[in-house]
Every structure is written in C-alpha cells, then in structure tokens.
Amino acid sequence: MDFDFSVITDHLSFLGSGIAITLLLSVLSGTTSLIAGFFVALFRLYGPRWLKPLVVLYIDSMRAIPVLVVLVWTFFALPIIAGVTMSPFMAALIGLTVHLAAYAAEIVRAGVESVRPGQSRAALALGMSRAQIVRRIVMPQALVRMLPAFGSLLSITIKDTAIASVIAVLELMRQSETLAGQSFQPIEVFSFAMLVYFLMLFPVTRGVDMFYRRVAHLGRS
Amino acid sequence: MNKSATQSGRTKAGGITIIRYRGVVKRYGDFQALSGIDLDVHAGEVVCLIGPSGSGKSTLLRCTNGLESIEGGDIEFEGTALPRDERELRAVRTRMGMVFQSFELFPHLTALANVAEGPRTVLRKHAAEANRRASAMLAKVGLADKAPNYPSALSGGQQQRVAIARALAMEPDVMLFDEPTSALDPETIGEVLNVMKQLADEGMTMVVVTHEMTFARRVGDWIAVFDAGRIVEQGPPEQIFDAPTTERTRDFLSHLGWTG
C-alpha cells in the first residue's frame with residue numbers, strides 16, 4: 001500500500017480553515033459552558049427552593065441525551081420553534097454549551113461540596129457573612145479542586161466539536177470528510193485529522209495536570 | 001451534685017461576667033447534647049471544660065458564638081442575650097475568637113493573609129492596616145518568619161498558632177478554644193499551650209475545652225466537669241483535681257491516670 005501525503009500538503013489551507021473553526025468552537029463553547037455551568041451550580045446550591053427541581057431536571061436530561069441529538073435538535077428544530085434562522089456554527093455553539101454546561105455545573109457543585117464544613121465554620125466564627133464565605137473562602141478552594149475535572153471537560157469539549165460536522169459546521173472533521181471523499185485517500189486524510197486532534201488535546205490535558213500539581217495544596221484543607 | 005456555681009475559691013469572680021449560661025439545653029433530634037448548663041465566665045478568667053468525649057463540652061462552645069442554636073435556657077454575652085438574627089450574631093462573633101481542633105486555616109491564603117482575612121473582610125480595614133495587625137499577631141505567637149508561608153508548609157503546632165493569631169487579630173473580648181491540641185503531635189503540643197498560657201497571663205478571658213489536665217490544673221481559674229450533657233462539678237482547680245466532691249469527677253480523672 002502506498003501512502004501519498006501530498007493530499008494533505010496540497011490542501012493545507014482547506015484543512016487549516018477546519019482546524020481554525022475547531023479551535024474557535026472549542027474555545028467559545030468551553031468558555032460559555034463553564035460560565036453557564038457556574039451559574040447553574042450556584043442556582044442549585046444557593047438558589048431559591050422552587051428553582052432546584054428545574055435545575056436538577058435540566059442536568060439529568062442533558063446527561064441522558066446524546067450530544068449528537070442535542071446538536072441536531074438545536075439546528076433543525078429550534079429555529080422552527082423560535083422562528084429564527086441560525087448558522088450551523090451558532091447552532092453548534094448553543095447546543096454544545098447547553099449540553100456541556102450541565103457537566104460543568106456538576107463539577108462546580110462537587111467542588112464546592114468537597115470543601116470541608118469546618119472551613120465555613122471557621123469563617124463564620126470570624127464574623128463573615130454567607131456571601132463572603134462563598135466568595136472568599138469556599139469558592140477559591142473549590143476552584144482548585146475542580147481543576148482536574150475541568151481539564152477532562154475541556155478535552156471532551158474539543159472532541160465533541162467533531163460532532164458538529166453532522167450539522168455542516170466546516171470544522172476539521174467536516175473538512176476531512178470532504179477531502180477524503182474527493183481524493184479517495186481516507187487513510188491519509190483521517191490519520192492527519194487524528195494527529196491534529198491529538199496535538200490539540202495533549203498539551204491541554206498535560207498542561208492542566210501540571211498546573212494542578214503546582215496549586216493543589218491551595219485547595220487542601 | 002454541685003451544679004450551681006458556688007463562688008468559693010474563685011479569685012476572679014469580682015470581674016464583670018463576660019458569658020453567663022443558664023439552663024442551656026441543646027438537642028440533636030432525640031439526642032440531648034446539653035441538659036441544663038449553668039456556668040459563668042468572668043473577665044480575665046480561664047475556664048476549662050473537661051470531661052469524657054461526647055459529654056457536650058464542644059457543643060457548649062459552639063452554642064456560645066451561635067454556630068449552633070439552643071433549644072432552651074439562655075446564653076448572655078456581656079450582659080445581652082445572644083441574638084437570633086444572623087446579622088446581629090455576626091457582630092457578636094467578631095468579639096469572640098474561636099480556635100478549632102482541626103485548625104481550619106484557609107489553605108489558599110498565606111499565614112499572613114489568613115490572619116489579615118478577618119480584619120480585612122469583616123472589620124473592613126485597609127489592606128495595609130490589616131497586614132500590619134496580622135504581622136503583629138504572628139509575631140505574638142512567635143511566627144513572624146512564617147508570614148509568607150502557606151498552611152501546607154507549616155507543622156500542626158505552627159498552624160494552630162497561626163489560627164490563634166487569626167482569632168486574636170479581631171481583638172476579641174473572649175477566646176474560645178475547642179480542643180486546640182487534640183490533633184497535634186505530642187512534640188508540638190507544648191508550643192501551642194505556651195501561647196495559650198501567655199494569653200492567659202495577659203488577662204485574656206478564655207473558655208478552653210481540653211484534655212490537657214496539666215494545663216487545666218496550672219492555667220485554669222475555674223474548672224467545669226462535663227458528663228452526659230451536664231456539669232457534674234465545677235470549682236477552682238485545687239478542688240477539682242485535689243479534692244473532687246463527686247464520684248464522676250474522681251472516675252474521670254482516674255481514667256486519665258491523673259494523680260495530682
């Protein structure tokens with residue numbers, strides 16, 4: 001079997017645009033899902049009582065429904081219901097955020113609940129208010145404890161962007177499929193795609209791990 | 001039973017009453033943790049609460065600054081009943097320092113920032129003023145050189161001294177110690193007890209839950225012996241340790257191997 005990797009070098013800008021879209025979608029959906037997940041967790045932990053069942057329903061349903069289904073629904077069904085047109089990229093960003101925010105929320109909640117109650121008691125004994133305790137004592141420690149789980153979530157986010165190919169977002173996977181179909185060289189093209197995903201993810205997961213090892217003691221009470 | 005606070009042998013009973021417990025009852029579900037506690041703490045006194053584990057000593061301490069609510073009786077602090085309102089309770093807590101068995105230093109803050117946290121966040125001092133006060137308190141407990149260290153880089157005894165400095169930085173009227181040396185290695189217990197002794201010598205009012213009988217005997221002005229949620233005997237250390245009037249006190253002390 002002969003391999004001809006000129007198909008890659010000849011179409012670098014085509015594949016490069018896919019890589020750029022993948023990175024952009026990863027960074028945007030990673031950021032929005034973290035922010036949204038943070039607020040969802042705050043609602044679940046400290047929100048009004050009536051809101052909690054709704055938050056739990058949201059989290060449970062997002063954990064039960066495949067991300068592919070969420071993306072397809074967001075792209076094909078949501079525009080009809082909401083009466084708006086939406087680009088594939090926008091639909092992917094919304095779908096991924098809604099899906100991943102549920103996981104982010106559970107990470108935040110677990111992080112907050114893992115901070116020992118004695119820390120809050122010590123802060124109460126100093127005369128601090130509940131809000132001050134959350135902001136200045138519990139959350140900083142919880143954030144450190146959440147780092148490894150956030151690292152995993154970030155890698156899942158980058159990988160999940162490949163699913164956006166089914167709603168025609170021109171990201172790396174979609175561009176690879178197109179190129180593989182036209183060139184009849186799926187081995188070279190998809191191997192390249194695999195390599196690129198690996199090269200994007202590896203530094204992220206390793207970087208988070210190394211950073212966590214340096215700051216872990218700040219969350220250890 | 002000698003439940004009422006007889007004042008004989010109480011050298012500092014002339015001072016104003018800082019904390020007054022009357023008939024304090026605390027329940028956890030069906031379990032009665034405190035069944036009618038009567039006790040006075042006067043200004044400048046070191047009152048030691050001793051007794052077996054689970055007898056209610058730590059519970060009483062937590063009720064004192066409102067970390068736990070009480071189901072019956074009264075706790076007065078400086079002549080006023082403990083408020084129920086959270087905001088008013090916070091104001092009271094700023095005047096009571098508390099030290100925990102497990103230190104509970106904030107791991108994400110340096111020793112200096114731990115001590116400065118209360119003045120900064122609660123008393124709303126400027127950073128410079130809070131840090132100046134924190135430095136002074138760290139120096140007081142002999143840890144000026146550890147100011148930039150995080151708790152993870154400190155020994156247990158050092159962490160507990162920082163915790164004492166953190167409480168002192170609020171300039172409290174009374175210090176509550178909840179088994180401050182129980183989680184420490186034997187070789188670091190002494191450094192913490194020395195700091196507490198120094199505080200007592202300076203006239204700080206202190207309520208100390210402890211299993212350190214030598215400390216209670218030497219530093220305590222008044223000893224309350226707890227058993228099953230009651231004070232079975234209270235009196236000056238000479239009475240409790242040399243001539244206990246109740247069987248329960250004798251039992252407890254002999255179990256600890258106390259020989260006077």
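How much space lies in the largest pocket? I started there, keeping in mind that this is a predicted model. The volume comes out at about 320 Å³.

**Entry 1: the pocket**

I listed the lining of the largest pocket and found 18 residues. Those nearest its centre are Ser69(B), Ile70(B), Leu82(B), Pro83(B) and Arg84(B). I then checked which elements contribute: strand E4 (72-77) and helix H2 (86-93) of chain B each give at least two residues to this lining. By residue type I noted 9 nonpolar, 3 polar and 6 charged in the lining of the largest pocket.

**Entry 2: the cavity**

Next I looked for enclosed space. Searching the whole structure turned up 1 cavity of 30 Å³ or more. The largest cavity holds about 40 Å³. I wrote down its lining by chain: Ala122(A), Ala125(A) and Leu126(A) on one side, with Met98(B), Ala163(B), Arg166(B) and Ala167(B) on the other chain. Which element gives the most to this lining? I found that H5(B) does, with 3 residues. Helix H6 (117-125) of chain A and H5 of chain B each supply at least two residues. The lining of the largest cavity divides into 6 nonpolar, no polar and 1 charged.

**Entry 3: the contact between the chains**

I turned to the contact between chain A and chain B. The area buried between them is about 2100 Å², and carbon and sulfur atoms give 60% of it. In chain A, the residues that lose the most area to chain B are Arg121(A), Ala125(A) and Leu126(A), together 28% of what that side buries. I went back to the cavity list at this point, where Ala125(A) and Leu126(A) also appear as lining residues. For the residue counts, I noted 23 residues from chain A and 25 residues from chain B in the contact.

**Entry 4: helix H3 of chain B**

I looked up helix H3 (residues 111-122) of chain B, which has 12 residues. From first C-alpha to last, H3(B) reaches 18 Å, close to the 16 Å expected at 1.5 Å a residue. Is H3(B) largely enclosed or largely open? I counted 10 of its 12 residues as buried, so H3(B) is largely enclosed by the rest of the structure. The buried set includes Leu112(B), Asn114(B), Val115(B), Glu117(B), Pro119(B) and Val122(B). I then asked what covers these buried residues. The cover includes helix H7 (130-160) of chain A, along with helix H4 (127-140) and helix H5 (156-168) of chain B. H5(B) is thus entered twice, the other time for the lining of the largest cavity. After H3(B) comes Arg124(B), and I recorded its phi as positive, near 60 degrees.

**Entry 5: two further positive phi values**

Glu104(B) is not a glycine, yet I found a positive phi of about 60 degrees. I placed Glu104(B) in the loop between strand E6 (96-99) and H3 of chain B. Is Glu104(B) buried or exposed? Its relative accessibility is 5%, so I entered Glu104(B) as buried.

Glu171(B) also has a positive phi, near 50 degrees, in a residue other than glycine. I located Glu171(B) in the loop between H5 and strand E7 (174-178) of chain B. At 52% relative accessibility, Glu171(B) counts as exposed, the cut-off being over 50%.

Notes. Residues numbered from 1 in each chain as written. Chains lettered and ligands numbered in written order. Predicted model: local features only at pLDDT ≥ 70, side-chain atom pairs only at ≥ 80, totals over all residues. Heavy atoms only, no water. Helix = DSSP H or I, 4+ residues; strand = E, 2+ residues; numbered from the N terminus. Expected span 1.5 Å × (residues − 1). Buried < 20%, exposed > 50% of the residue type's maximum accessible area, 1.4 Å probe, protein only. Contact = heavy atoms within 4.5 Å. 1 Å grid on protein atoms, 1.4 Å probe; cavity = no way out; pocket = protein on both sides within 12 Å on 5 of 7 lines; lining within 4 Å. Points joined across faces, edges and corners; volume = space filled by probe spheres on them. Nonpolar A, V, L, I, M, F, W, Y, C, P; charged D, E, K, R; others polar. Buried area = accessible area lost by both parts, 1.4 Å probe.
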